[in-house]
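Here are a few notes to read with the model open beside you. Take them one at a time.

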Amino acid sequence: MTQWFEDESFWVDTYPFMFSSSRIAAEEEEVDQIMALVGARPQAVLDLCCGPGRYAVPLARRGFHVTGVDRTAFFLNKARELATVENVDVSWVQDDIRTFLQPNAFDLVLSMFTSFGYFDDKEEDLTVLRNILGSLRPGGVLVMDVMGKKQLAQAFKSTASRKLADGSVILRRHEVFDEWTRIRNEWTIIRGDTVRIYTFHHTIYSGQELKDRLTAVGFGDVRLYGSIDGAPYDRQAERLIVVGSKPAP
């Protein structure tokens, strides 16, 4: 049975709402903030669920050896276009993060923009984390960015809407279920006379839950931050940023 994230049309239709030009431009500054969090200059970087190359391309522009992985052909085509415009080389790979593994190949792995927790079986999240750990070199670092459970609880709205400059409208409905571990989203996209409805869901983690999961698969020195600029993970936290390292042998 096809899962929601395997539907290419979902990503095509939601792309203008998810990846505005201002959002993509903001990631330029975030790359510098990520480097500050990591505290060392990596050589090889893996961008998991790289989408349209919003992090991979700026990283490549800075001289890193970058691999971008995504299962969505539409996103990878967008990423290739951006890399061509910026005249940078990135290794683009179409694969599922549950199966992608390059042993001891990377100094830094990124999992950004709540690209973790899609799967109905939460044990598959552990598979992803094990693959990440295996793909990191000893001393390598994972930086993960998600909407944490605490942030969701503080900002939760059951309904919301947004309109783009071209007149397209998105109506969003949200429902938390499975004992506050999952969120179900229904997005209705209206473009002229065309209406499309998509339903998707994913796991929401607290900081401690995600830290425990990283520790369980073997990550060390797991730290939590409230934003990508390294702010404390406290009541004012905007996001849940998790940084963990692969222990040296």
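The points below follow one helix, its neighbours and the loop after it.

1. First, the ground rules: this is a predicted model, where local features need pLDDT of at least 70, side-chain atom pairs count only at pLDDT 80 or more, and totals for chains, interfaces and linings use all residues. Residues are numbered from 1 along each chain as its sequence is written, and side-chain values use heavy atoms, with hydrogens and water left out.

2. Start with α4, residues 73–86. Helices here are DSSP runs (H or I, at least four residues) and strands likewise (E, at least two), numbered from the N terminus. The 14 residues of α4 should span 20 Å at 1.5 Å a residue (times one less than the number of residues), and its end C-alpha atoms are indeed 20 Å apart.

3. Which residues of α4 are buried? They are Phe74, Phe75, Leu76, Ala79 and Ala83, where buried means under 20% relative accessible area and exposed over 50%, partly exposed in between (1.4 Å probe, protein chains only). These buried residues pack against α1 (8–18), α3 (56–61), β2 (65–70) and β3 (91–94).

4. Now the contact with α1 (heavy atoms within 4.5 Å). Glu8, Trp11, Val12 and Tyr15 of α1 meet Ala73, Phe74, Phe75 and Lys78 of α4.

5. Just after α4 comes asparagine 87, with a positive phi near 60°. Asparagine 87 sits in the loop between α4 and β3 and is exposed, at a relative accessible area of 69%. Its C-alpha atom is 28 Å from that of asparagine 104, 17 residues apart along the chain.
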